[in-house]
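Biologist: I should like to learn how to read some local features of a model, beginning with charged side chains and their accessibility. Could you take me through them one at a time?

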Amino acid sequence: MRDLIRAYFSRRTLVSIYNLFFFLSNKLLTSFPLSLIMPKSDTGAESESEAVPLLDLSAPSSPISFPIKSLQDLKSRSYFDSFHFQFNRSTVPLRRDLPNNRPRVLVCHDMKGGYVDDKWIQGCENDAGYAIWHWYLMDVFVYFSHSLVTIPPPCWTNTAHRHGVKVLGTFITEWDEGKATCREMLATKESAQMYAERLAELSTSLGFDGWLINIENEIDEEQISNLKEFVSHLTKVLHLSAPGALVIWYDSVTVCGDLEWQDQLNEKNKPFFDLCDGIFMNYTWKESYSKLSAEVAGDRKYDVYMGIDVFGRGSFGGGQWTVNTALDLLKRNNVSAAIFAPGWVYETAQPPNFHSAQNKWWSLVEKSWGIVQTYPQVLPFYSDFNQGFGYHVSLEGRQLSDAPWYNISCQSLQPLLEFKEDNTDIIQVTVDAREASYNGGGNIVFKGRLEGDVYFTARLFKPLLHLSSSPITISYSVKSDHETSKFGLLLCFSSPSRETKSILVAPKETTTRLDHMFLKCLVTSEQTVSEWTVHETSLVMDGHTLTEISAFCYRTENSTKTSEYVALLGHISIKDHHVQLLQQNLVSLPPASSWVIEARNLELVPGNSGSKILRVKLEWRQKQLEDSVSPVYNVYAENVKSTDVLRSRKVLEKPRSKRVFLGISHIPAYYVSELVLDSDVKGVSFVVQPCCEDGSWMKVDDSPNLLVNLEGLPQVA
């Protein structure tokens, strides 16, 4: 049925259908108590059953993210008893703290009510799901919905932290229900403190960075002191348990208990501002309000985030494609900005397509505010340009899966590609997930025409990487026609005396051809891997700072005619040279024998046409360590039909059947929700392949594995 739908509808129509489906399913989901949920089938070799029975959240099912909808659930800590709690923890540490010497950019998610495709922690099949990849233009990301306690799905926290962006959840009360909630929560000083502690416990346990507090209902005047205690206590407890955490107050209810949006910092909302880390001003402010707010805030003017609604809705400048009007004003007045609902581009299907429209819209933010995140700042550095969705998954140029997928946790560090609407460049530079990938599902594609000795450069990254006397090793992978499309990396350095120096990293035949550019050329060694050429070289730049990494596109030395240029960049890696040598000479990851994999919640149910469906939760750890040593794991399954193999408890070195890629996990656990097996399968060998942050990985044949014997396991009807 899905194939018929794909064939019949255009991509844009298909996106709308997907969005409608997930929006409605989310509405249904949030209408039930926390103890109920709709399961979902995983991708890969697992079944696509249409059955969606309601399940208890404490029972095993495809891991999801979900909000807390009542004070009782928050008070009881029932969230921590959920099967899904373990999967909702973010595992990527925050790369840096907030700057205190400039205005900041906060981005508030608010996309179709929240918990759409992003609620599936292990990913889903909707490659057209919503994503953000312009993290270098923001400092704080807020995940928003209209549920009482909105907990950010870990995919957002993982990728935001990777880019140095803090992530906040949302605590919101509104309407009459919200007023009743606040009466209960603020009944006493002790109850206000207790609920504040519950919120602090949630964010600390799950690895995100604090809360946006949005009280959009009237408060009884006698409870205002307890509301202030709630804000103050939450801020204090969070700062103690997670230094650098944030509590931001939304401009809504006043210190008198009235629901009156002020649109500026004044005596009616400043008492709350004084108790926390910042204020998110409502978005219907007038031209003079940001300057007035800065004056009231004094030394804390950067903690004032003036709201901008991208949908417009009374926002200064009109939002949408004129969002830069408000941003320019705020930048001039030296206060911070809070961009609300950038998903407008996606929700309203702005032409010509989401990817192009998204790049165009965020280019407005860059022109107004400039780049606020610089990376890499430390080694190792690795990026395969994965945007968190795609049409295949690859490892070292070999395709593991050709199924569409969506999982924002898989985003690698994103390149800072410049958007040019006029398309006048001789080479067009895009990320195109439909093209081949070296690792993951991303790449950067360079397409156009080059004439004679003309070359083309494009910005990729803006590092702030201070180098020492230790050598660094730079590698990158390229897929191109070597005769017509050559590719190198142009590195820009700043010396201690602030002099600029550029070095071209490229194949050996480049060195004589580019002498006239006064560029120092560093020759790479080459290795061909699965139709990709991996280039590598080392250099020492003691005392220098790497400030820019650019692509360098050119042709062979004797070319005179204009010809088509096509090159795919698969990855870039920078490592400390001594660390790399150590990894080459020693085993960089613990051997398979040092790992323990356990199968839990094992269940076998009948499938169609005599098949059977396996459901199982896999957990793994190192024998000598409590915590896992790798940030990412690839999970595979291999059917076993031999009784001899089962009896020996060992899987043969060469697989007897095809090894199937199941998915990627960012925690040391994975839930296999519906693995469809033929009737003659007697067991399944699960393989967990550890991968490192520097882009290296353990060979799959050397990775830890677990053989699950299905013989004698009863099938559940």
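Modeller: Let us begin with Glu435, which is partly exposed at a relative accessible area of 24%. That value falls between the limits of under 20% for buried and over 50% for exposed. Please keep in mind that this is a predicted model.

Biologist: With which residue do the side chains of Glu435 meet in a salt bridge?

Modeller: The partner is Lys447, with an N to O distance of 3.4 Å. The two belong to distant parts of the chain, 12 residues apart: Glu435 is in the loop between β17 (427–430) and β18 (444–450), and Lys447 is in strand β18 itself. Lys447 is also partly exposed, at 37% relative accessibility.

Biologist: How many salt bridges does the count come to?

Modeller: The count comes to 25 salt bridges. The criterion is a side-chain nitrogen of Lys or Arg within 4 Å of a carboxyl oxygen of Asp or Glu. Another example is the pair Glu603 and Arg615, at 3.7 Å from N to O. Here the contact runs between strand β29 (residues 595–606), which holds Glu603, and strand β30 (residues 612–622), which holds Arg615. Glu603 is partly exposed at 26%, and Arg615 is partly exposed at 22%.

Biologist: With which other residue does Arg615 form a salt bridge?

Modeller: Arg615 forms one with Glu674, where the closest N and O atoms are 3.3 Å apart. Because Glu674 lies in strand β33 (residues 669–677) and Arg615 in β30, this pair ties together parts that are 59 residues apart in sequence. Glu674 counts as buried, at 11% relative accessibility. In addition, a network of salt bridges links Glu598, Arg600, Lys617 and Glu619.

Biologist: How should I read the two sides of a strand?

Modeller: In a regular strand, side chains alternate between the two faces of the sheet. Strand β9 (residues 278–281) illustrates the point: Gly278 and Phe280 lie on one side, Ile279 and Met281 on the other, and all are buried, so both faces of β9 are covered.

Biologist: Which strands are joined to β9 by bridges, and in what sense?

Modeller: Strand β8 (residues 246–250) pairs with β9 in the parallel sense over 3 bridges, and Gly278 in β9 is the bridge partner of Ile248. Strand β10 (residues 304–309) likewise runs parallel to β9, joined by 3 bridges; there, Ile279 has Val304 as its bridge partner. Together with helix α9 (residues 289–297), β9 and β10 make a right-handed β-α-β unit.

Biologist: Let us turn to the backbone. What is the peptide bond from Pro351 to Pro352, cis or trans?

Modeller: That bond is cis, with omega near 0°. Pro352 is placed in the loop between α11 (344–347) and α12 (354–369). A further cis bond runs from Tyr375 to Pro376, with omega near 5°, and Pro376 is in the loop between α12 and β12 (381–383).

Biologist: What is the phi of Asp110, positive or negative?

Modeller: Asp110 has a positive phi, near 35°, although the residue is other than glycine. Its place is the loop between β3 (105–108) and β4 (140–142), and at 14% relative accessibility Asp110 is buried. Ala349, also not a glycine, has a positive phi of about 50°. Ala349 sits in the loop between α11 and α12 and counts as partly exposed, at 31%.

Terms used. Residues are numbered from 1 along each chain as its sequence is written. This is a predicted model: local features need pLDDT of at least 70, side-chain atom pairs count only at pLDDT 80 or more; totals for chains, interfaces and linings use all residues. Side-chain values use heavy atoms; hydrogens and water are left out. Helices (H or I, at least four residues) and strands (E, at least two) are DSSP runs, numbered from the N terminus. Buried means under 20% relative accessible area, exposed over 50%, partly exposed in between (1.4 Å probe, protein chains only). Two strands pair if DSSP finds at least two bridges between them. A crossover is right-handed if, with the strands pointing away from the viewer, the path from the first strand over the helix to the second runs clockwise.
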